[in-house]
Structure formats: structure tokens, C-alpha cells
Amino acid sequence: MKNFKKILGLIVLVVFMVSIVGMYGNTGVDAKTTEKVKIRAVTYFTGADPWTNTWKEAIKDFMAKNPNVEIVDEATPAANDAIRTKIKTDFASGNEPDVTFFFVGADAEPLLKSGKVFIWDDELKKDTKWSSNIYKSALAFTTYNGPIKEYKGKVYAIPTIGFYEGLYVNVDLFNKYNLPLPTDWDKFIKAVNTFKSKGIIPIAGSILESYYLIETFILSAGGPQGHNTPFHPSWEKGLNIIKDLYKMGAFPKDALTLQDAQAQALFADKKAAMMINGSWCVGGLKDKVNTKIMPVPVVPGGKAHPTDIIGGFGSGWYVSKDLNKKKNGWPVKFVKYITSPEVEAKFIAVGGVPAIKCKVPNVTPVAQSGYDMMAKANSVSMPIDAQILPEAFTKIRTDLAYVVTGKKTAKHLLAEAKKIQDSVKK
Amino acid sequence: MQILKNKKYAIGLLLPALLLVSVFIYYPLFATFYYSFFDWRDFSNYKTFVGLNNYVQMIQDYAVRKALVNTFIMMVCVIVFQVGIALVLALIVDSIKAGYKFFRTVFFFPVVISGTAIGLMFYLAYAYDYGLLNAIMTAFGGQKKVWVTENSALIMVLIPVIWQYVGFYFVIFLAALSKVPHDIYESALIDGITGIKKAIYITIPLIWDVITVCISLAIVGTFKVFDIVYVITGGGPMDASQVLGTYLYKIAFTGQNQGYASAIGVLIIVLGIILSTISNKLTERETITY
């Protein structure tokens, strides 16, 4: 019995040691791979995102070219603000990733406040072969102009995929009912009334997720100056236009609870004639030929130029200052690879507006109409949620339902949101 | 010391669990209470002490009041329908001989489905253009209707919330009923007591302690309702189906105001403790041993 116990003990010991050796083998801790660099990259290229496959392919290619580098893909969904929570808590707790693809504007400030974000200016000057491909206008969106001294006037993120917001039009439906395209307000309203009378949803818009309705109509009402001035009087007019359209029956009947994804499906399935949305919808369209993207028409008395649009470069590549130093500059090298014209072309082929000069093959007519709109734009304004506190914007967005149903005035809602905004500045 | 010596293995075995509970329950609990006195946004390292400001804001906040009212309505409905239906089903299933296992499995099944999946299922069922309910309506020649409105939103989220956990209480009641000795029923049968009278005068008093536990669980569970409401309505339209959990999420993660969200979290914890204590007191009866 004693011998049996000894043998059993020996077996357990051997198994344990074999497992330990196996574990070391799996983690790559051996003589050959001791210099292996691991780079944690957080993006929102998860399964639900149209760029996921391109992203996965890009990191695979990078690892094949650089066998000593392992990219740890920590993609987190943008839905329900999961990415915001992850990135902000990671930076606040000292667990920041080496490379981060994250929003710019108001969302960037907590990251910059931590002082952990790499400043790109020197690298942009040093490596002109790479940086000369990046559009200066795109870099302007990721240049900091706020109160944090360390970053003032500096580039804190490298832009890559830009966006625009506009009016999507199912041209075939307009042709079917002999309607002119909604290039001005009268034609737009005529289209709304005609489609409503024909049982077609005029505008596939969600009041629950009304980001794009709010931004585009406020721009239309106040022009870039009004739109870009927090709580400008023209904001009230913009919200009231949405209310008027809601009362006209321009939106789906369940617009108060309809989610944006379902609204997009209504447009893609031709159940709706128009949709106000962003460039990220292009990939999901079924008909990429009979669909056109154009600026939202100027509302009566609106201050916008007919080609003013919402758009820009709302996300960029951040690198951790300390981790880049610690890892011999590999995080920066990786971002340079991702923002090279070759990789950029692959990303833009899926959708979005390039921040980097590249040749995109096979551009669809609808995507081309989006690029044309962006190219002809008199001005491009960043959305409102990049300019005011998330809490204040959330108040405007989620309480818009009260305004469109007449339970609260636009003035009252904006006053409530401004109160939130002002309470923080004190 | 002698007691400690004798119980050292028990204490040793309990310590890891205590450590886990402390780290993942008690520490966040006290941290939430602490953060509720700060203006803390964007999960940043910068917090400003604001005293009771977040609590004052909470009192003035219409959405919090609406969420509280909805939570109380939900609580009453959950007690009446969730626990009530579960009890009725358990009494019926307990009285049948054939199909006992079948019904037990069928009624318990919704409990194992995630709340998010159930929420999505009902969201799609209620949808106006692609929804199941409207597809049925039009198939029978009816007109499509908007199912989730300001007036109906709370009921529309209550249906899946109640439906999901009926099976949970049903299984608990079934287990309690199986413990009731058969000779009591046989004596009752001799005295001529059958059917509803048997349930009211014999079965329910005998399992009363289990019923009180279920009521307490249902009350506490109401404060945890989140996923189903979040997926179906997001608390809207116009806060019509807002509950404290969804509002806390909206403030903390969409609004990025963690200080105010912590104050709402404290309200949920305090209400949960108070209400479960009251329910325990109200349902207190002398335990019947058999």
C-alpha cells in the first residue's frame, strides 16, 4: 500500500512537472523567443463592425512580417459605450493598452489628462515618408486645442477612417413616383408627403437613437457657427424641425423605440425612401447603385450653406508613451503600418473616408456619392457629442422623445442639458 | 481558543469565499457609497467632493421618480403574478401523476435563457415593421399596431420579466410541496377537504416559510431587473419603462457620470435592504414543523 502511494505520488509529480513545462512552451518562454514583444491593441473592430475582417487580416500580416511581435487583439464593442468604459478605466487605472483606436474630441480629454498618451508631432516630422501621406485636414481633427498644456497644439492620435453624415436617398423610389431628388427643403417636404401618402416610410429615423437627426438639423438651422457653439439659440430651431417632421408622420410609427440598426434595415429593404445617417451604413446597403448620399437640405430660415455637412475624423490611433519606450517603439511601428497607404486602402474599400492618401479599388456609386459630398463640402463640422459633455448630450438625445410628442419644449430640454454642462465647469 | 482550534478547518475553508465576497461584493458596495459624494466623470482619477449634491440632484430628477414608481409597480406585479402563477402551477403539477417531469422542465426552461436573449426575442416580437405580433395580426386580416407606447411600455416589459422567472419559483414550490407528508392530505381527505380548500387551508400554511422566501427573492430581484428592459425599450419612451437599473446604466455609461450613478446605486441597495426587511416582517409566521 505504501509503495502504491509512493508510485501515485511520483506520477502526480511527473504529470505536474510536464504540465509546467508545457505551460512554458505555450507562453513562449524559451531561449528563442525571449525577446518577443507583445502589443495589446484595443479597437472597436469586433464581430459587429464592418472593418473587423480587414483589421484581423492586417494584424496577421504584420505578425507574419515581424515574427517577434505578437499583437493581442482586445477588440471591445462600441455598442452600449462598452469601449468608452474600457478605455477610460484602463487609462485611469494604469492598465492602458500599447495601442488604442479610440474616439477623439471630448472623449480624448480623460486620456490626455492621464498624461500617458504619446505625442506624434516629432514622429510626423521625423518620418516624412510615412507622414506625408496623411492629409493635414485630417490631422487637424486630432490636434488638441483644449486646456491641457502638455498636449496643446499637438497631435495625440493618428486619424485613419473618416466619416460623414448625410441624407441617404433611395433614388429608384423617387423615380417611381416622379419626385425630384430632395436637394432643397420644398422638394424634401414634397417627398415626405408623397411617400407618406403611398404607404412608404419617408425617413428611416430613430428618435431613440437620434444622434444624426439632432446633429444634421441643428447644423442646417444654425450653420457651422451655430452648430459649433454649445447651446446656441439655433439648436432650439433644429430640434423643433425634428418635432415638425415627427408630427407630419415622416418617421417610422415606432420611431420612439426603434433602434438605429432596424431603421437602417427599413431603408436598405426599400421600406423607407430616405434616411439620415453616417458613412458606416454604406457597407450594409443592399442596393449600392440606386442609392445616393447628399447633404440634408437647409431648413427654412436656416443659416447653413447647402453643402455644409457633419463629418470628420472621429477616431484615431493612440499609443501609450511609456509602453512605446519600454517596447522599443514597436507600438508606434505598428500604428505606422496600420496607417500606411496599402493598409488604408483595404480599410477604405470597406467604407469610410480616407485620412491617408491611397488608391481604393472598385468604389461603389453610393460610396462615390458620399466622397463627392465630402469633397464638395463648404464646411465639415464634428458632431455635437464631440463638443459637449456626454451626460448633456445624452439628455438631449434621450429626452428628444418628450419634445417631438409635445410633452416638453425644445427650449426647456436645452436648458436642462445646459444646466448639466454648466454644473461641471464650476 | 478551543473553539477556534476545533473549527480551524471550517474557518480555513470559509476564508477564500469570504475573501472573494469581500473583494467583489463588500468593497464595491462601500466604494459606491464613497463615490456617491463626489463629482466623478469619465472614470478618471480626478474626483471632486460635492457632499450630498448627487443626492439632492436625485430628489429633483424626474427620471429617478419615474423609475422608482415603475420599480414599485413591477414589484407588486412580480409578487402577484410571478410568485402567484408559480404557486398555482406548482399546486396543479403536484396534483398530477403523469407528465410531472415534463411540466417541471417546460416551466423551468425560460430561467436558463439569458435575459438579453429574451429581451431581444420580445423586442423583435413587438417591432412594428418586422415584428412577430404584427405579422400575426396582418395574417388574420388585422391592422398593424405600435405595441410599445408611452402607455403600454411598462406592461410590455413586465410580460417577459414575469414570464422568465415563473419557472424559478415554480421549482422551489414544487420541492417544498414534495416535502409535505401525504398522511396530512389523507386525513384532510377523510374530513372531506379537497381542491382549493385543501390548497388554502393545508398546503399554503405548510409551505408558508418557502413562500415568504420567494416573496423576498422576488422583491430583491425587482431591483436587479435590467437586461430585458434595456434591450426592449432602453427605459423609454419618455422614461415610461425606466427602472432604477436602466437609469443607473444610462447615467454611468452613456452619460459618463459615475458619481451621480453611484448615488443611484446606493438608493437601489438601501431600498433593497429596507423592502426585503419589511417583507420578512410582514410575512413572518410561526414555522410549522412536520
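Here are some short exercises on a predicted model, each with a worked solution.

Residues are numbered from 1 along each chain as its sequence is written, while chains are lettered from A and ligands numbered from 1 in the order in which they are written. Local features need pLDDT of at least 70 and side-chain atom pairs count only at pLDDT 80 or more, though totals for chains, interfaces and linings use all residues; side-chain values use heavy atoms, with hydrogens and water left out.

**Exercise 1. Get to know chain B**

Find how many helices and strands chain B has, and what percentage of its residues is buried.

Step 1: Go through the secondary structure. Chain B has 14 helices and two strands. Helices (H or I, at least four residues) and strands (E, at least two) are DSSP runs, numbered from the N terminus.

Step 2: Look at burial. Of the 290 residues in chain B, 43% are buried. Buried means under 20% relative accessible area, exposed over 50%, and partly exposed in between (1.4 Å probe, protein chains only).

Step 3: Check the extent. Along the principal axes, the C-alpha atoms of chain B fill a box of roughly 80 × 75 × 30 Å.

**Exercise 2. Describe where the chains meet**

Work out how many residues each chain brings to the contact, and which area is buried.

Step 1: Count the residues. Chain A gives 35 residues and chain B gives 32. Contact means heavy atoms within 4.5 Å.

Step 2: Turn to area. The size of an interface is often given as the accessible area lost when the parts come together. Here about 3000 Å² is buried between chain B and chain A, and carbon and sulfur atoms give 53% of that. Buried area is the accessible area (1.4 Å probe) that two parts lose on being put together, summed over both. On the chain B side, Y123(B), Y130(B) and M238(B) lose the most area to chain A, together 21% of what that side buries.

Step 3: Look for charges. The rule finds three salt bridges across this interface. A salt bridge is a side-chain nitrogen of Lys or Arg within 4 Å of a carboxyl oxygen of Asp or Glu. One of them joins D42(B) and K88(A), with the closest N and O atoms 2.9 Å apart.

Step 4: See which elements take part. Helix 6 (115-126), helix 12 (227-232) and helix 13 (244-254) of chain B each give two or more residues to the side that touches chain A. Helix 13 of chain B has the largest share, five residues.

**Exercise 3. Spot the unusual backbone**

Which residues other than glycine have a positive phi, and which peptide bond is cis?

Step 1: Recall the background. Most residues other than glycine have a negative phi, and most peptide bonds are trans.

Step 2: Take F43(B). F43(B) has a positive phi of about 55° and sits in the loop between strand 1 (38-40) and strand 2 (47-49) of chain B. F43(B) counts as buried because its relative accessible area is 11%.

Step 3: Take N328(A). Phi of N328(A) is near 50°, and the residue is in the loop between helix 13 (321-326) and helix 14 (330-338) of chain A. N328(A) counts as exposed because its relative accessibility is 61%.

Step 4: Find the cis bond. The bond from G236(B) to P237(B) is cis, with omega near -10°. P237(B) lies in the loop between helix 12 and helix 13 of chain B.

**Exercise 4. Buried or exposed?**

Decide whether D90(A) is buried or exposed, and list what D90(A) touches.

Step 1: Place D90(A). D90(A) is in helix 3 (residues 82-92) of chain A.

Step 2: Apply the cut-off. D90(A) has 7% relative accessibility, so D90(A) counts as buried.

Step 3: List the contacts. Leaving aside neighbours within four places in sequence, D90(A) is in contact with R40(A), N95(A), E96(A) and P97(A).
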